[in-house]
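Student: I would like a close look at a single part of this model. Please take the sheet, then the helices and aromatic rings that go with it.

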Amino acid sequence: MDTQQSTAMEDSKTNKEDAAADAELAKAIMARNFHPSLISTEAWEGYVFSDLTIRIKESRDFYGAVLWPSAMVLCHFLETNRDKYNLMDKNVIELGSGTGLVTIVASLLGAKVTSTDLPDVLGNLQYNVMRNTKERCKFIPVVTELIWGQEVPKRFPRATHCFDYILAADVVYAHPYLEELMDTFDHLCQENTQILWAMRFRLDKENGFVDRFRQRFNMEELYDLPTLSIKLYRAWRKDMRTKGQGEAAA
C-alpha cells in the first residue's frame with residue numbers, strides 16, 4: 001500500500017469518526033427535550049437542564065416565540081462546559097431570547113441575566129422565565145425590550161452595562177435587520193466580553209453574516225453539528241487582546 005492510499009484510508013476513518021461523534025452529540029442534545037405524557041389545558045414542552053425540569057410555553061403567533069434547536073445546543077454547551085465557561089455571578093445578556101430557554105439555563109447556572117427581545121414576544125418570554133426561575137436561581141433575571149439598532153447605546157450605556165457574556169441562539173435568519181444586529185453586538189461587546197453564539201445555517205445570508213462578523217470579531221468554532229446544521233461560536237473583539245480559554249473560567 002502506497003502513502004497516498006494510506007492517507008486516504010486514514011482520512012476516511014477520521015471522517016467516519018467525526019460523523020459518528022456529531023450524531024452522538026446531536027442525539028444527546030435533542031434528548032434534553034421531552035413532551036408531556038398527559039394532555040393538559042396548556043400546551044408546553046419539557047427540557048431537562050441542571051437536573052431540573054423546565055417547562056416552556058411557545059407562542060405560534062410569533063416566529064420569535066418558538067424554540068429552535070440552536071437554543072438547546074447553546075444550553076447543552078453551557079451546562080457541560082461549566083469548568084471553562086463559569087457563569088456564576090457573571091453579567092450576561094441574551095439577544096433574541098425568544099421563549100427564554102437560554103436565559104433560564106444561564107440563570108440556573110448562577111448568572112445575572114438580562115433577557116431581551118422584541119415587544120411582541122415579551123409577555124410569553126416573561127412568563128416562561130419567571131415560571132422556571134422563581135425560587136430556583138441566585139439572581140432574578142431581568143426581561144426587557146431590545147430592538148436591535150434602536151437607541152442601544154442610550155438604553156445600555158457602556159459605562160454602566162458591562163457584560164461578561166453575550167448569548168445568542170438562532171438570531172441570524174432571513175430578516176432585514178442583520179446590520180442592526182451587527183451594530184448591537186458591536187456596542188455590547190467590550191474588552192472583557194465574550195460572545196457565545198449558536199447558529200443554524202439555512203441560507204446564504206447566514207454565511208454572508210458570518211463573513212462580515214469575522215471582520216469585527218475574532219471567532220473560534222466550538223461545535224460543528226452537521227446533523228442539525230448548527231455551529232456554535234465563541235467570539236471576542238478584534239481590537240482587544242486575544243482571550244484564552246483559561247481566562248474564560250476566571
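Tutor: Start with one pair of residues: Leu95 has Ala168, in β7, as its bridge partner. The model is predicted, so side-chain atom pairs count only at pLDDT 80 or more. The bridge belongs to the pairing of β4 (residues 91-95) with β7 (residues 165-169). That pairing is parallel and runs over four bridges.

Now widen the view to the sheet. Seven strands make it up, and the sheet is open. Read across, the order is β6-β5-β4-β7-β8-β10-β9. The pairing is mixed. At the edges sit β6 (142-145) and β9 (217-225), and each of these pairs on one side only. From one strand to the next, the twist averages 20°.

Next, the helices. Helix α3 (residues 101-108) packs on the sheet. Its contacts are with β4, β5 (112-117) and β7. The direction of α3 makes about 175° with that of β5. Helix α6 (residues 178-188) lies across β4, β7, β8 (194-200), β9 and β10 (230-237). Against β4, helix α6 runs at about 175°. Both α3 and α6 thus have β4 and β7 on their lists.

Turn to the rings. A pair of aromatic rings is described by the distance of the centres and the angle of the planes. The model has nine aromatic pairs. One of them joins Phe77 and Tyr85, with centres 5.3 Å apart. Their planes stand at 55°, so this pair is tilted. Phe77 and Tyr85 are both buried.

Another pair is Phe213 with Phe217. Here the centres are 4.4 Å apart. The planes are at 20°, and stacked means under 30 degrees, so the pair counts as stacked. Phe213 is buried, with a relative accessible area of 0%. Phe217 is buried too, at 1% relative accessibility.

These two rings belong to one aromatic cluster. Its members are Phe185, Trp197, Phe209, Phe213, Phe217 and Tyr233. Set the cluster against the elements above. Phe185 falls within the residue range of α6, 178-188. Trp197 falls within that of β8, 194-200. Tyr233 falls within that of β10, 230-237. Phe217 falls within the range of the edge strand β9, 217-225.

Last, two charges over rings. Lys112 lies over the face of Phe139, 5.4 Å from the ring centre. Residue 112 is in the range of β5, 112-117. Lys57 lies over the face of Tyr127, at 5.4 Å from the ring centre.

Key:
Residues are numbered from 1 along each chain as its sequence is written. This is a predicted model: local features need pLDDT of at least 70, side-chain atom pairs count only at pLDDT 80 or more; totals for chains, interfaces and linings use all residues. Side-chain values use heavy atoms; hydrogens and water are left out. Two strands pair if DSSP finds at least two bridges between them. Helices (H or I, at least four residues) and strands (E, at least two) are DSSP runs, numbered from the N terminus. Axes are lines fitted to C-alpha atoms, for helices over the stretch in contact, and angles run from 0 to 180 degrees between N-to-C directions. Contact means heavy atoms within 4.5 Å. Rings of Phe, Tyr and Trp (its six-membered ring) pair if their centres lie within 6.5 Å; planes under 30 degrees apart count as stacked, over 60 as edge-to-face and the rest as tilted. Buried means under 20% relative accessible area, exposed over 50%, partly exposed in between (1.4 Å probe, protein chains only). A charge sits over a ring if NZ of Lys or CZ of Arg is within 6 Å of the ring centre and within 35 degrees of the ring normal.
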